[in-house]
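Hi there,

Here is the structure I promised to pass on to you. Please have a look at it first, and then read on for what turned up in it.

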Amino acid sequence: MAAPGAISRVGRLAAALGLRRVLVTSDRGIVAAGLTRRALESLEAAGVEAAPFSDFAANPTESDAARGAERARGLSVDGLVAVGGGSSMDMAKAIGFLLAGGGRVSDYRGFDRCPAPLPPLVGVPTTAGTGSEAQSYALISRDEDHQKCACGAPSAMFRAVVLDPSLLPSAPPDVKAATGFDALAHSIESAVSTRATPDSRRLSHEAFRRIARSWPRLLPRRSGGGDARGSEDRARLWEDMQLGAFFAGAAIERSMLGAAHALANPLTRRFGTPHGEALSVTLPAVIEWNAPEASVGYRDLLEKAGLVPGRRPAETLAGLVRDWISAAGLPPRLHAIRAPRQAIRGLAEEAAREWTGTFNPRPFDLGSAEEIYRTCA
């Protein structure tokens, strides 16, 4: 379901799925903004008992999921509703894995390792970023080393998704910038992944087309905070962003990502850098580094968005991305996130072990990771 004000229908959708008692995962910022309350009111009006759960981090951990599952079991829920950004979506899925199979979330690393289907999931994304609402994976950090575990299952796909673009402008400007860049990175990396298919490329191209025409016009530095609520034109831009993020997430589901994400994840683990900001450090350099293998893919991406690729599409795309990073006030280099040069070797060792790097169009290894990090310094 996609429409302004659609959050008011989440209760009817949950009831139509046969749900009677649900746990609503929603991060603290979304609760404070009043969006969780709107979802709870809709659920209760439809006869669905609902209780909130917000005791989890921006990068949810196994312990967070265990607390959520304990609360869900105590309430005897029969479904989960996620209201928020990627952390809220991942938390609902992770709790679902524990309700279905017990144990720890990391027991389900990989795909389809859960012995039973997850309870029905309903997603209400309030940011245009991760695209988790269109994917069957949860990303949860292990407690002991903060390594992200990708846990997937057919039943981890949301049974219903509410896309309400009127929710997006309520996010703080820095969140809009970082989550928007995350969606942009998804559309670019999924388009040239080694697992990309004609179907996934169509989704990547449509995602990039929508994000490239909307996100630059909604950037906080250009828009005085990006408040889209007072303008019909800006409302359409937010709708483009939300659909673009959804299509990018669907593209990831059918293909994969690449080296920019492999390089970004260690920055988040080591320095606490928000995911979108870590990607702003790594993505332009990866695009240029991929040129020998991905220029045709980048050319197609630019042309489908109505942009002129020039004779060197990788350089053209990287230049556009850098312009957008500057306009958004996102960090362009490692020094901007206080990552010292002496950390590069260790970061590269971590990045070379990241799963997403195995799908990069140009073969990616330890030497590659170190080379790109030095370019980003």
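A good place to start is strand β7 (residues 148–152), which runs parallel to β4 and is joined to it by two bridges. One residue pair to look for is F111 with its bridge partner in β7, G152. Please keep in mind throughout that this is a predicted model.

Now for the sheet around that pair of strands. It is an open sheet of three strands, ordered β4-β7-β6, with mixed pairing. The edges are taken by β4 (110–111) and β6 (137–141); each has a single partner strand, so one side of each has no neighbour in the sheet. Helix α5 (residues 86–101) packs on this sheet, where it touches β6 and β7. The direction of α5 makes about 90 degrees with that of β6.

The other find is a pocket. The second largest pocket has a volume of about 150 Å³. If you would like to display its lining, select S280, V281, P284, A285, R322, I325, S326, P332, R333, T375 and C376. The elements that each give two or more residues to this lining are α11 (275–289), α13 (313–328) and α15 (366–376). Which of the elements gives the largest share of the lining? That is α11, with four residues. Sorted by class, the lining has six nonpolar, three polar and two charged residues.

Happy browsing, and do write back with any questions.

Best wishes

Methods:
Residues are numbered from 1 along each chain as its sequence is written. This is a predicted model: local features need pLDDT of at least 70, side-chain atom pairs count only at pLDDT 80 or more; totals for chains, interfaces and linings use all residues. Side-chain values use heavy atoms; hydrogens and water are left out. Two strands pair if DSSP finds at least two bridges between them. Contact means heavy atoms within 4.5 Å. Axes are lines fitted to C-alpha atoms, for helices over the stretch in contact, and angles run from 0 to 180 degrees between N-to-C directions. On a 1 Å grid over the protein atoms alone, a cavity is a set of points where a 1.4 Å probe fits but cannot get out, and a pocket is an open set with protein on both sides within 12 Å along at least five of seven lines; lining residues have an atom within 4 Å of a point. Grid points are joined across faces, edges and corners, and a volume is the space filled by probe spheres set on the points. Ala, Val, Leu, Ile, Met, Phe, Trp, Tyr, Cys and Pro count as nonpolar, Asp, Glu, Lys and Arg as charged, and the others, Gly among them, as polar.
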